[in-house]
Amino acid sequence: MTLRALVVDDHPLFRRGVMAALTDSGIDVVGEASGGTVAVELAQQLQPDVIVMDLNMPDLGGVEATRRIVTARPSAHVLMLTMFEDDESVFAAMRAGARGYLVKSSRPQQIVDAVRAVGEGEAIFSPAVATRLLDFFATAPRPSTLPELTGREREVARLMADGKGNAVIARELFLSTKTVRNHVSNILRKLQVADRAQAIDLFRDSSG
């Protein structure tokens with residue numbers, strides 16, 4: 001039975017390149033979308049075996065799109081294909097229901113193999129992401145008190161606890177969004193938590 005895939009990415013050239021690689025390998029690309037909102041609609045209409053999903057898109061991000069797709073159809077198989085491999089992005093995607101996580105620098109054949117693996121129910125990750133996941137689960141039980149955060153990390157954590165996103169934190173601290181994202185990843189690692197919400201809860205408990 002031919003594997004059916006939906007490809008979601010807001011960069012047309014990259015999206016079409018992925019579609020071509022899948023088609024050349026005998027995978028039936030049944031649809032494409034440039035944003036999360038359309039992806040959710042097409043996933044419901046077309047019922048593809050695998051949804052190849054970008055992370056950052058202008059209308060609806062890949063994490064939220066994945067969450068909606070998996071909520072509507074728990075058997076849906078989503079493979080994240082993105083430029084980002086920081087802890088926050090990886091764990092947010094996993095919690096949303098993604099079955100795999102690859103970076104866009106992966107070779108075409110790696111992407112094809114990952115789509116096939118996810119379509120067969122396997123979990124697949126790029127080497128760097130797999131190492132990060134193993135490191136996370138191999139760590140000791142979460143400490144009851146906060147580990148030593150740097151002054152800047154504490155500033156970022158306080159703003160996170162106030163409900164502010166990375167872009168707002170970057171503006172308030174006069175940092176780049178990438179730098180804030182790195183601080184958030186360091187905070188998650190030091191607190192030994194899987195996502196932003198858990199980090200906020202632990203920071204509030206330990207600071208209050």
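Which residues does the UniProt annotation "domain: Response regulatory" cover? Hi everyone, let me start there. According to the UniProt record, an unreviewed entry, that domain runs over residues 4-119. Please keep in mind that what we have on screen is a predicted model.

Within residues 4-119, helix makes up 49% of the chain and strand 22%. The C-alpha atoms at the two ends of that stretch lie 9 Å apart.

Now let's zoom out to the chain as a whole. We have 10 helices and 6 strands here. The radius of gyration is 18 Å, close to the 17 Å that the globule rule gives for 208 residues, so the chain is as compact as a globular protein of that length. If you prefer box dimensions, the C-alpha trace spans about 55 × 35 × 30 Å along its principal axes.

On to the empty space, beginning with what is closed off. How many cavities of 30 Å³ or more does the count come to? The count comes to 1, and the largest cavity holds about 40 Å³ of space. Its lining is made of V7, V8, D9, F14, R15, V18, V52 and L81. By class, that lining has 6 nonpolar residues and 2 charged ones, with no polar residues. Strand 1 (4-8) and helix 1 (12-24) each give at least two residues to the lining, and helix 1 has the largest share, with 3 residues.

While we are looking at F14, one of those cavity-lining residues, there is something else to point out. The charged end of K104 sits over the ring of F14, at 4.7 Å from the ring's centre. As for aromatic pairs, a search of the whole structure comes back with 0.

Next, the open space. The largest pocket contains about 490 Å³. Which residues lie nearest its centre? Those are L55, V63, E88, S89 and A92, out of 20 lining residues. The lining of this pocket divides into 8 charged, 6 polar and 6 nonpolar residues.

Where does that lining come from? Helix 3 (62-72), helix 4 (87-96) and helix 10 (196-207) each contribute at least two residues to it. If you have the viewer open, try colouring those helices while I talk. Remember that the annotated domain covers residues 4-119, and then look at where helix 10 (196-207) joins the pocket lining.

That's my tour, from the annotated domain to the pocket. Thanks for listening, and I'm happy to go back to any part of it!

Definitions and conventions:
Residues numbered from 1 in each chain as written. Predicted model: local features only at pLDDT ≥ 70, side-chain atom pairs only at ≥ 80, totals over all residues. Heavy atoms only, no water. 1 Å grid on protein atoms, 1.4 Å probe; cavity = no way out; pocket = protein on both sides within 12 Å on 5 of 7 lines; lining within 4 Å. Points joined across faces, edges and corners; volume = space filled by probe spheres on them. Helix = DSSP H or I, 4+ residues; strand = E, 2+ residues; numbered from the N terminus. Nonpolar A, V, L, I, M, F, W, Y, C, P; charged D, E, K, R; others polar. UniProt positions renumbered as here; feature names shortened; annotations may be inferred. Phe/Tyr/Trp six-rings, centres within 6.5 Å; stacked < 30°, edge-to-face > 60°. Lys NZ or Arg CZ within 6 Å of the ring centre and 35° of its normal. Rg over C-alpha atoms; globule rule 2.2 N^0.38 Å.
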